[in-house]
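Visitor: Please take a close look at the salt bridges here. I should also like to see how the elements that carry them relate to the rest of the fold and to the ligand.

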Amino acid sequence: MTKNNLGHPVGTTLDRFIKRKQDEFPFATGELSQLLRDIALAAKLVHREISRAGLLDVSGAFGSQNVQGEEQQKLDVIANIRFIRAFRNGGEVCAIVSEEDEKIIDLENSQGRYVIAMDPLDGSSNIDVNVSIGTIFSIYRRKSPVGGPVLEEDVLQKGTEQIGAGYILYGSSTMLVYSTGHGVHGFTYEPSLGEFFLSHAEMTIPEDGKIYSINEGGWHDFYPGTREYIETCKERRYSARYIGSLVADFHRNLLKGGIYIYPGTENRPNGKLRLLYECNALAFIVEQAGGMATNGEYRIVEIDPTELHQRAPLYIGSKRMVEEAMSMHKVLEAVNE
Ligand code: AHM
Ligand code: MG
């Protein structure tokens with residue numbers, strides 16, 4: 001049987017894995033473990049909804065818009081409800097920031113010591129066309145005292161404050177990938193047994209890669225530095241791969257080596273992706289896996305958030321690729337000043 005260097009055999013159930021991990025930390029209270037179980041439960045429910053989306057008419061527009069003015073899909077709403085309910089029932093979380101809700105969701109659980117930032121179903125344009133989509137989550141410890149009201153400072157924390165993060169990819173199989181700061185662990189869902197099994201132990205991203213992922217439709221809006229880097233990728237005959245679902249594009253590059261870029265442009269200097277519940281979680285994972293995530297200038301996780309739904313340009317993936325993209329970005333910006 002394949003074993004990773006911590007002795008966790010591939011094939012271990014998520015539950016058992018979490019339990020063993022908890023036992024490695026003598027003072028762990030078990031709350032974080034329970035929180036991860038809540039996430040896994042919601043993921044199973046969302047997996048079920050997605051796999052029968054075509055049958056039950058739950059795909060398609062819901063008829064309302066989210067806070068970014070984007071059309072909400074039924075499955076976005078369903079996923080949001082599932083995750084919120086799982087956290088409320090679990091009792092460890094006091095507040096949630098969700099892509100689908102303008103304001104902080106106060107779970108009215110003043111004893112909860114954790115805060116979640118999440119995009120319950122990312123890649124909404126792919127929901128209706130049967131293409132991979134994902135859930136992204138970050139876990140923080142609340143700053144304000146337990147027992148009191150939830151404050152903005154509890155949710156506006158830098159990515160460096162994350163105590164855990166991860167994503168669920170609803171693809172050809174459903175996978176849960178997470179880290180609590182001690183490596184990255186990937187689990188594959190076996191629907192007939194209703195269990196996640198450890199399938200990707202101690203995940204690391206190749207230091208370099210040959211895949212670049214960017215929506216080149218934005219070419220004419222890109223800064224010269226972004227274009228220069230893409231030209232370089234083409235000259236080297238790298239592969240262009242872009243699904244348009246961040247989790248799926250990220251996951252592929254994590255396994256194979258590559259870079260994902262959602263750049264800032266003159267019209268949208270901060271790009272499209274949201275710092276708190278899209279960029280930070282994946283930045284945490286990629287750094288744990290040995291890769292890099294920046295906004296073209298500095299680490300994503302060091303950006304001080306000022307708004308719940310603020311955006312950030314994202315350069316994420318294999319270390320060498322991100323470094324090279326950043327160096328071109330900076331040099332050409334300087335020439336054009
Ligand atoms: P969403 O949160 O509305 O789904 O938008 C986020 C998605 C990412 O998953 C994806 O990488 C990106 O938007 C694609 O954007 P574009 O269509 O501009 O390339
Ligand atoms: Mg999203």
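Guide: A residue is called buried under 20% relative accessible area, exposed over 50%, and partly exposed in between, with only the protein chains counted as cover. The model is predicted, and these terms are applied to it below.

A search of the whole structure returns 15 salt bridges. One of them joins Arg 37 to Asp 15, with the closest N and O atoms 3.1 Å apart. The two residues belong to distant parts of the chain: Asp 15 is in helix H1 (residues 14-23), Arg 37 is in helix H2 (residues 31-51), and they are 22 residues apart. Asp 15 is partly exposed because its relative accessible area of 42% falls between the two limits. Arg 37 is also classed as partly exposed, because its value is 23%.

A second pair is formed by Arg 52 and Glu 49, whose side chains meet at 3.8 Å, N to O. This distance falls within the 4 Å limit for a salt bridge. The partners belong to different accessibility classes: Arg 52 is partly exposed at 31% relative accessibility, whereas Glu 49, with a relative accessible area of 7%, is buried. The pair also has a wider setting, since Glu 49, Arg 52 and Arg 82 are linked in a network of salt bridges.

A third pair is that of Arg 320 and Glu 207, whose side chains form a salt bridge at 3.7 Å, N to O. Arg 320 lies in helix H9 (residues 319-336) and Glu 207 in the loop between E10 and strand E11 (211-213), so this contact ties together parts that are 113 residues apart in sequence. Arg 320 counts as partly exposed, because its relative accessibility is 44%. Glu 207 is likewise partly exposed at 44% relative accessibility.

The loop that holds Glu 207 lies between E10 and E11, and these strands lead to two sheets. E10 belongs to an open sheet of eight strands, with mixed pairing and the order E4-E3-E5-E6-E7-E8-E9-E10. Its edge strands are E10 and strand E4 (105-106), each of which pairs on one side only. The partner of E10 (residues 195-200) is E9 (residues 185-190), and the two pair in the antiparallel sense over five bridges. Within this pairing, Phe 187 has Leu 198 of E10 as its bridge partner. E9 and E10 form a hairpin with four residues between them, and Gly 194 in the turn has a positive phi of about 70 degrees. E9 is also joined to strand E8 (residues 174-179) by four bridges, again antiparallel. Here the bridge partner of Val 177 is Gly 186 in E9.

E11 belongs to the other sheet, an open one of five strands with mixed pairing and the order E12-E11-E13-E15-E14. Strand E12 (239-240) and strand E14 (292-294) stand at its edges with a single partner strand each, so one side of each is left without a neighbour in the sheet. E14 runs antiparallel to strand E15 (residues 314-317), to which three bridges join it. In this pair, Ala 293 stands opposite Ile 316 in E15.

Both sheets also bear on the ligand. Among the 17 residues around ligand 1, those that come nearest are Asp 122, Tyr 242, Leu 246, Tyr 260 and Tyr 262. Oxygen atoms of the ligand take part in polar contacts with the protein. A backbone N or O atom of Ser 124 lies 2.9 Å from one such oxygen, and a polar side-chain atom of Lys 272 lies 2.8 Å from a ligand oxygen. An N or O atom in the side chain of Arg 274 is 3.0 Å from an oxygen atom of ligand 1. Taken alone, ligand 1 exposes 470 Å², of which the protein buries 88%. The elements that give two or more residues to the shell around it are E5 and strand E13 (259-262). E5 is a member of the eight-stranded sheet, and E13 is a member of the five-stranded one.

A nonpolar part of the surface may be set beside these charged pairs. Val 129, Val 131 and Ile 243 form a nonpolar surface patch, with about 210 Å² of accessible area together. Val 129 is placed in the loop between strand E5 (114-122) and strand E6 (133-141). Val 129 counts as exposed because its relative accessible area is 51%, over the limit of 50%.

Notes. Residues are numbered from 1 along each chain as its sequence is written. Chains are lettered from A and ligands numbered from 1 in the order in which they are written. This is a predicted model: local features need pLDDT of at least 70, side-chain atom pairs count only at pLDDT 80 or more; totals for chains, interfaces and linings use all residues. Side-chain values use heavy atoms; hydrogens and water are left out. Two strands pair if DSSP finds at least two bridges between them. Patches are made of residues with over 30% relative accessible area and no salt bridge: like charges are joined within 9 Å, nonpolar side chains (Val, Leu, Ile, Met, Phe, Trp, Tyr) within 5 Å. Accessible areas come from the Shrake-Rupley method with a 1.4 Å probe; for residues, only the protein chains shown count as cover. Buried means under 20% relative accessible area, exposed over 50%, partly exposed in between (1.4 Å probe, protein chains only). A residue is near a molecule or strand if one of its heavy atoms lies within 4 Å of it. A polar contact is a pair of N or O atoms within 3.5 Å; within protein, one must be able to donate a hydrogen and the other to accept it, and residues adjacent in sequence count only if both atoms are side-chain atoms.
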